[in-house]
Every structure is written in structure tokens, then in C-alpha cells.
Amino acid sequence: MTQGEVINALARRRMLAAWMAREIVPHEAGMRAWLARARVSAEDIDELMQEAYCQIVSLPSVDHITAPRAYFMASLRHMMLRRIKRAQVVALDAIGEIENWRDESMVSPEDEAGSRITCQRVMAIIAALPERCRRVVELRKIEGWSQKDIAAHLGMSEKAVEKQVWVGVRAIRAAWASAEAQSAQRMDQAERGMGAGR
Amino acid sequence: MTPATEHDRDMAARFVARMDGENWGEADEAELQLWLDGGAGREGLLLQVHAAWVAATPVAQEEIVEEAPAAPAFWRRRGFLGAMAASVAAVVGAGRWLDARSSFATRVGEIRRVPLADGSVMTINSGSELTVRMAKGSREIEIAQGEAWFDVAKDAARPFTVAAGKVRARAVGTAFSVRRRETVESWSEEDESLRLRLVAGERALLSDTAVVHHESDRASAVDRSLAWRSGMIDLNGTSLSEAADEFNRYNQRQIIIADPVVADEQFDGLFRINDPQGFAEAVKASLNVGIDESDPRVIRLVKSK
């Protein structure tokens with residue numbers, strides 16, 4: 001592989017990740033809730049999600065996808081139906097839930113709330129990181145500094161910064177993926193009446 | 001597919017952290033490929049972790065807009081992002097993490113009317129992509145592609161800003177339309193960002209090159225270019241090539257002007273947006289050109305024999 005190919009491969013990965021971050025991640029909580037309503041277990045939801053992400057990676061390009069959320073949900077739905085066929089014994093309302101799904105391109109208030117809470121949750125996760133890691137992640141994610149700049153600023157090696165970013169990535173991934181944590185948070189939020197506004 | 005193990009997740013996070021830095025090289029790519037090939041579903045897991053990391057910041061979400069940019073453009077873009085991030089921080093302050101952000105996209109031929117949380121209404125034209133962010137102290141729309149018309153609810157405390165490329169249009173309570181045009185011109189010497197005030201009936205056409213077409217007194221011209229809101233295209237002395245571009249925005253079936261001689265001919269008429277065929281027939285009748293429909297995906301306007 002030439003240096004140019006390496007750069008291209010990296011650029012493609014970054015672009016795809018940014019596209020997913022913009023188009024899919026904000027709706028992930030909603031999609032997980034939808035799968036849960038169709039009686040899919042938490043582990044199976046994780047698997048389906050990962051499979052759908054794989055399907056996106058396998059595409060030569062995502063440029064043709066004009067409604068990413070609908071596309072992703074259709075892909076989940078397809079994989080789920082395939083699974084149900086394999087499973088043979090099925091709860092009928094599971095199919096009902098999938099079949100009832102319509103292509104709602106509008107973002108529902110539920111989804112909006114979902115992504116907003118996730119953002120707060122990420123903030124909470126960042127705040128709860130060990131001191132050194134928290135400073136690195138804040139500079140990287142909130143201030144938008146490069147790892148290199150952070151290393152110079154904090155007097156650390158770039159490898160050491162990367163290590164702290166790694167810890168941050170793990171923590172944030174866990175925050176996004178954890179549907180249970182989100183719904184718990186949401187219920188908590190509801191109990192406090194949303195009055196506090198944060 | 002087997003579910004991801006804790007170790008797999010760890011590895012994915014490690015690669016994402018390394019890709020997040022500036023030192024990614026051949027050895028890293030080779031190591032990543034080896035890992036990806038080592039288990040089914042790892043590609044998906046990597047993307048999942050990567051996307052989660054990118055999504056965890058509003059600033060990073062702004063970075064996605066363009067294709068891998070060349071070095072000079074990259075720095076310009078960075079400068080602009082910096083300015084935007086700063087202004088967002090200034091207006092919203094500590095509340096920036098609470099912003100509600102949503103994205104909208106319309107397909108070719110689709111026009112969508114979307115009421116916003118603040119009482120404003122936006123009408124998104126065909127083939128457009130935009131992001132809406134409502135915050136306590138600001139209302140921000142970023143148009144990544146295409147055009148939208150805004151009927152803005154009055155709220156002086158929350159300025160309504162529409163950004164398209166490098167340009168931002170700001171209104172407090174009025175109705176206006178913003179269209180982002182992709183041009184191939186080189187970067188001009190214009191400022192990094194340009195602010196303009198719009199009052200009712202005004203139109204601003206914005207491009208990445210910060211060229212602003214600004215019409216205030218010609219309400220009729222505005223009405224005409226907003227004909228798409230009622231499913232029509234209103235051409236008035238428009239050149240044939242511009243008219244074709246206009247139809248091509250809305251229809252999968254594209255019009256190609258194969259005869260350069262007629263490209264600059266002017267054309268008038270009111271046409272249905274989804275009827276490029278009707279338009280082509282009208283052109284054929286009035287400008288004496290031929291129509292070649294041998295390829296069902298396109299309508300070619302050719303020299304008449």
C-alpha cells in the first residue's frame with residue numbers, strides 16, 4: 001500500500017464515520033427502542049446494529065442514500081425478518097411491530113429527546129473520566145484541538161495523549177450504545193419533570 | 001456474525017484513537033487490516049465506535065460537510081469553523097450541549113414543508129440537505145446542499161441564522177429563501193464569513209465563493225424564483241442552459257443540451273416541475289431544436305436536422 005492509498009483509506013473512514021455520526025447516531029436510541037418494542041433482546045439488538053453498520057461499510061459509496069435514517073432502518077428490518085424466518089417460532093406481535101413501521105422521515109420528538117439526552121450523558125461521561133483523561137478529551141472534543149497540540153500544551157508525548165483518547169473513546173462508545181442507561185436517564189428526567197432544563 | 005467481545009471493542013477504540021491523531025501511517029493501516037480480517041463484523045464495529053466518537057461533539061459534526069479538501073481549502077475551512085464555534089459559544093454559552101439538532105434531506109423531486117419548534121416554517125426544495133439547531137439564544141440552520149425558504153417567527157432574543165458554505169444570513173422575523181450553489185470558480189478574496197440583513201421579499205443567493213445576489217425591490221423576481229413552492233418553474237428570459245439546470249434539480253430524468261449554439265437562447269414560460277418532457281417539447285417548438293430520447297434516462301436537445 002502506498003502512502004497515498006493509506007491517506008485515502010483513512011480519509012474514507014473518517015468521512016464515513018462523520019456521515020454516520022450525523023445521520024444515524026442521533027437516531028440510534030430511537031431505533032433501539034423500536035427493536036426492543038419488537039421484542040428483540042438487548043444482545044440481539046447490539047448484533048443487529050453491528051450488522052447494519054457492516055452493511056454500510058460494505059457499500060462502495062453512501063452518496064446515493066438520500067434518506068439515511070430510513071435506509072438504515074430498512075436494513076435493520078430486513079436483517080430482522082431474515083432472523084425471524086430462521087427462528088421459526090415467533091411471537092406474532094414481533095412481526096406486527098416490524099410491519100407497522102412506516103418510513104417516517106421526520107424526526108420524532110422522542111428521537112430528539114433521545115439524542116439530546118445522549119449528549120448530556122456524554123457530557124456526564126466525560127466529566128466522570130479520570131482527571132488526566134478528562135482534560136485530554138475536553139481539549140480534543142470541546143475545544144477541537146489536535147492530539148499534537150494537546151500533547152505540546154500538557155507536556156505529554158503524543159502516544160500518551162492517544163492513550164487517553166483511547167480511554168475516552170471507550171467510555172463514549174459505551175455511553176452511546178447503552179440503551180438501558182439512556183432510558184433510565186430519560187425516566188429519571190421525566191420524574192424530575194424536565195423543569196430544570198438540564 | 002458473532003457478538004463483539006470486550007477485547008474487540010477495546011481494539012476498535014484503540015484504532016479509533018490512533019486515527020484521531022495525526023500520525024496514521026502505512027504500518028498502522030497494515031495492522032488495522034490484519035485485525036479487520038481476523039474476525040467477521042469488525043469493520044462494522046470499527047465504524048460504530050468511530051461514529052460514536054465523532055458524534056460526541058457538536059463541533060466535530062460541523063467538520064463533516066466537505067469531501068477530503070485540498071490543503072489551502074482545509075485551512076480556510078478550519079478558520080471558518082473556529083469562527084463559527086466561537087460565535088456559537090458566545091451566544092449559547094454553557095447551554096450548547098443542550099441544543100436540539102436535527103437533519104433534513106429531500107430527494108430529487110421532493111419538496112418538504114417542516115414546522116420548526118420555534119413556530120417558524122421552512123420549505124425545503126428538491127435535493128437539499130440541511131441541519132437545524134435550536135438553542136436558547138439562537139436558531140441556526142446550516143444548508144449543506146440545495147435551497148430552503150424560511151418563514152421566520154419573530155423572536156429578537158433568538159436570532160435566526162442560515163449558513164450555506166461560508167456565508168451566513170441572519171433574520172429576526174421575516175420570510176426569505178436561501179439557496180446554496182456549487183460553483184467551480186476559485187476562491188475569491190471575500191471575507192471568511194459575510195453577514196447580511198434581509199427584510200421581507202428580499203432574496204439572497206449564496207455560494208461557497210461568497211457571491212451574494214441580493215434583490216430587494218423586485219418582488220416579482222422573488223415570487224418567480226419561489227414558484228417551486230407551488231410545484232411550478234417560472235422561466236422569464238432565462239437562458240436555456242439555466243432552465244435545463246433548473247429542471248435537472250427536480251427530476252431524475254436529466255435534460256442535456258447537446259447543441260451549444262442554443263444554450264444561451266432565452267426562454268419564457270410557466271412549467272410543471274415534474275414535466276421536463278413538456279419543457280423539451282416547448283423548446284423544440286419554439287427554438288427549432290431536435291429531441292433525442294434514445295437513452296430513457298436523459299432528454300438530449302440536439303441540432304435539428
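## Where the chains meet

Two residues count as being in contact if their C-beta atoms, placed from the backbone, lie within 7 Å. On that footing, in this predicted model, 47 residues of chain B are in contact with 54 residues of chain A. The elements giving two or more residues to chain B's side are α1 (6–20), α2 (26–37), α3, α4 (58–63) and β1 (100–105) of chain B. Helices here are DSSP runs (H or I, at least four residues) and strands likewise (E, at least two), numbered from the N terminus.

Which element of chain B gives the most to the side that touches chain A? That's α3(B), with twelve residues. By class, chain B's side has 25 nonpolar, eleven polar and eleven charged residues. For the classes, Ala, Val, Leu, Ile, Met, Phe, Trp, Tyr, Cys and Pro go down as nonpolar, Asp, Glu, Lys and Arg as charged, and the others, Gly among them, as polar.

## A helix pair across the chains

Helix α1 (residues 3–23) of chain A packs on helix α3 (residues 42–55) of chain B at an angle of about 65°, their axes 8 Å apart. That makes α1(A) roughly perpendicular to α3(B) (65 to 115 degrees; under 35 is roughly parallel, over 145 roughly antiparallel, the rest oblique). Axes are lines fitted to C-alpha atoms, for helices over the stretch in contact, with angles from 0 to 180 degrees between N-to-C directions.

On the α1(A) side the contact is made by A:Arg13, A:Leu16, A:Ala17, A:Ala18, A:Met20 and A:Ala21, and on the α3(B) side by B:Leu47, B:His50, B:Ala51, B:Val54 and B:Ala55. Sorted by class, that's nine nonpolar residues, one polar and one charged.

## A pair within chain A

Helices α7 (residues 131–142) and α8 (residues 147–154) of chain A cross at roughly 135°, and their axes come within 10 Å. α7(A) and α8(A) are therefore oblique to each other. A:Arg135, A:Val136, A:Leu139 and A:Arg140 of α7(A) meet A:Gln147, A:Ile150 and A:Leu154 of α8(A). Here the split is four nonpolar, one polar and two charged.

## How far to trust chain A

Chain A averages a pLDDT (the predictor's confidence in each residue, from 0 to 100) of 77, and 71% of the residues score at least 70. Confidence in chain A is highest in α8(A), at 92, and lowest in helix α10 (residues 179–191), at a mean of 49. Over residues 194–198 of chain A the pLDDT is below 50, and that stretch has two contacts beyond near neighbours in sequence. Where pLDDT is low, the predicted coordinates shouldn't be read in detail.

## Ground rules

Residues are numbered from 1 along each chain as its sequence is written, while chains are lettered from A and ligands numbered from 1 in the order in which they are written. As the model is predicted, local features need pLDDT of at least 70 and side-chain atom pairs count only at pLDDT 80 or more, whereas totals for chains, interfaces and linings use all residues.
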